[in-house]
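I am opening a notebook on this structure. My entries follow the order in which I looked things up.

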Amino acid sequence: MTIVITGATGQLGRLVVEALLESGLPAEQVVAAGRTVDRIADLGERGVQIRGIDYSQPESLRQAFAGADKVLLVSGSEVGQRVEQHRNAINAAKEAGVGLIGYTSIANADTTTMQLAAEHLATEEILRDSGVPFVLLRNGWYLENYTGQLPAQVQHGAVFGSARDGRVSAAARADYAAAAAAVLLRDDQAGKVYELGGDDAFTLSELAGEISAASGKPVTYTDLPAEKYTQVLVDAGLPEPYAAILADSDLGIARGDLLVTSGDLSALLGRPTTPLRDAVQAAAVTLQAS
């Protein structure tokens, strides 16, 4: 069996490759594919097949998927271009005779009105129309979306957002990667839809409380209108269109769009998901050591 992981030069894809290797799958049966392959040269040294791909270059995808039994299509990072890029990958997988495509979609893709979900939902439709067997891994928010901001949050004593008291079922990136690997290693996954999120949803006020406890400094949550939160993100260096999408996602949290109660993630892992407190404390330790 040969499994291709796209986006393997990124954080999630790399972790999926690592999870497959940890499961005991022989390295030669794993293909790590991505644009900047020098980032994963060490995987090649461990026996993993390394193939360069670009979602905008169909020929690179056809070459990478040749001989593959399964492909994990990790969603692209270029918002606004992903539908056509994903279509290229799905078409290439079909031409290669791939037996299963796993796609990393977004939680509650078929019910949320978040702007960020539109390209995911369109990709799901392309998969349905393709005739290729597929499984949907609808990932919720990453804990790292929040812990990655911890230095600034501690410095300013504030977590900013537009989520009001909405709850988000975030989980560690490694949890989602391990779940993807578990699905790829199983049989009879075609047609399944996994709604994936952390076991214990939290509000951004609760996040701020955990940051305060871990850092020993007062941090509070400041809820802002979406327009003002967008400006905060722009002032922090994000491009305005992307900042607006993130602010819109917070409005989705306020509506409950990123609340996941299925238990699918912990079931696939065979253990509880990584708690918010553990993730925040680990980030705080890293901050204090820097």
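**Entry 1: helix 4 and helix 5**

I began with the directions of helix 4 and helix 5. This is a predicted model, and I read every entry below in that light. The two axes cross at roughly 25°. Angles under 35 degrees count as roughly parallel, so helix 4 and helix 5 are roughly parallel to each other. Their axes come within 9 Å. I noted the crossing as right-handed.

Next I listed who makes the contact. Helix 4 brings Arg-82, Val-83, His-86, Arg-87, Ile-90 and Lys-94. Helix 5 brings Glu-119, His-120, Ala-122, Thr-123, Ile-126, Leu-127 and Ser-130. I sorted the residues of this contact by class: 5 are nonpolar, 4 polar and 4 charged.

**Entry 2: Glu-78**

I then went to the loop between strand 4 (70–73) and helix 4 (82–95), where Glu-78 is found. Is Glu-78 buried, exposed or partly exposed? Its relative accessibility is 27%, so I wrote it down as partly exposed. Leaving out residues up to four places away in sequence, Glu-78 touches Arg-35, Gln-85 and Glu-119. Glu-119 also appears in the contact of helix 4 with helix 5. I checked one distance as well. Glu-78 and Gln-29 are 49 residues apart in sequence, and their C-alpha atoms are 29 Å apart in space.

**Entry 3: the nonpolar cores**

I wanted to see where nonpolar residues gather. In soluble globular proteins, nonpolar side chains tend to be buried together. Here the largest nonpolar core has 58 residues. Which residues have the most contacts inside it? I found Val-16, Val-17, Phe-65 and Ile-101. Helix 8 (residues 173–184) gives the largest share of this core, with 7 residues. Another core lies apart from it and has 31 residues. Trp-141, Ala-170, Val-260 and Ala-279 are among them.

I followed Phe-65 further. Not counting residues up to four places away in sequence, Phe-65 touches Val-4, Thr-6, Arg-51, Val-71, Ala-89, Ala-92, Ala-93, Ala-96 and Val-98.

**Entry 4: Arg-51**

Arg-51 was on the list for Phe-65, and I looked it up next. I found Arg-51 in strand 3 (residues 49–52). With residues up to four places away set aside, Arg-51 touches Val-31, Ala-32, Ala-33, Gly-34, Val-37, Gln-63, Ala-64, Phe-65 and Ala-66. I also took its distance to Ile-40. The two are 11 residues apart in sequence and 10.0 Å apart in space, C-alpha to C-alpha.

**Entry 5: Asn-108**

Asn-108 sits in the loop between strand 5 (100–106) and helix 5 (118–130). I checked whether this loop residue is buried or exposed. At 16% relative accessibility, Asn-108 counts as buried, because the cut-off for that word is under 20%. Which residues does Asn-108 contact, leaving aside neighbours within four places in sequence? I listed Arg-138, Glu-195, Gly-256, Asp-257, Leu-258, Leu-259 and Val-260. Val-260 is also one of the residues in the core of 31.

**Entry 6: helix 9, helix 13 and Gly-216**

Helix 9 (residues 204–215) packs on helix 13 (residues 276–289) at about 45°, with the axes 9 Å apart. I therefore recorded the pair as oblique. The crossing is right-handed. From helix 9, Leu-207, Glu-210, Ile-211, Ala-214 and Ser-215 take part. They meet Leu-276, Arg-277, Val-280, Gln-281, Ala-284 and Gln-288 of helix 13. I counted 6 nonpolar, 3 polar and 2 charged residues in this contact.

Gly-216 lies in the loop between helix 9 and strand 9 (220–223). At 63% relative accessibility, Gly-216 counts as exposed. Its C-alpha atom is 39 Å from that of His-120, which is 96 residues away along the chain.

**Entry 7: helix 10 and helix 11**

My last pair was helix 10 (residues 226–235) and helix 11 (residues 240–255). They pack at about 135°, and their axes are 8 Å apart. This pair is therefore oblique too. Helix 10 passes helix 11 in a right-handed crossing. On helix 10 I noted Ala-226, Tyr-229, Thr-230, Leu-233 and Val-234. On helix 11 I noted Glu-240, Ala-243, Ala-244, Leu-246, Ala-247, Asp-250 and Leu-251. By class, the contact has 9 nonpolar, 1 polar and 2 charged residues.

Note on methods:
Residues numbered from 1 in each chain as written. Predicted model: local features only at pLDDT ≥ 70, side-chain atom pairs only at ≥ 80, totals over all residues. Heavy atoms only, no water. Axes fitted to C-alpha atoms, helices over the stretch in contact; angles between N-to-C directions. Helix = DSSP H or I, 4+ residues; strand = E, 2+ residues; numbered from the N terminus. Parallel < 35°, antiparallel > 145°, perpendicular 65-115°, else oblique. Left-handed = near helix turned anticlockwise from the far one by under 90°. Contact = heavy atoms within 4.5 Å. Nonpolar A, V, L, I, M, F, W, Y, C, P; charged D, E, K, R; others polar. Core = buried A, V, L, I, M, F, W, Y, C linked by side-chain atoms within 4.5 Å. Buried < 20%, exposed > 50% of the residue type's maximum accessible area, 1.4 Å probe, protein only.
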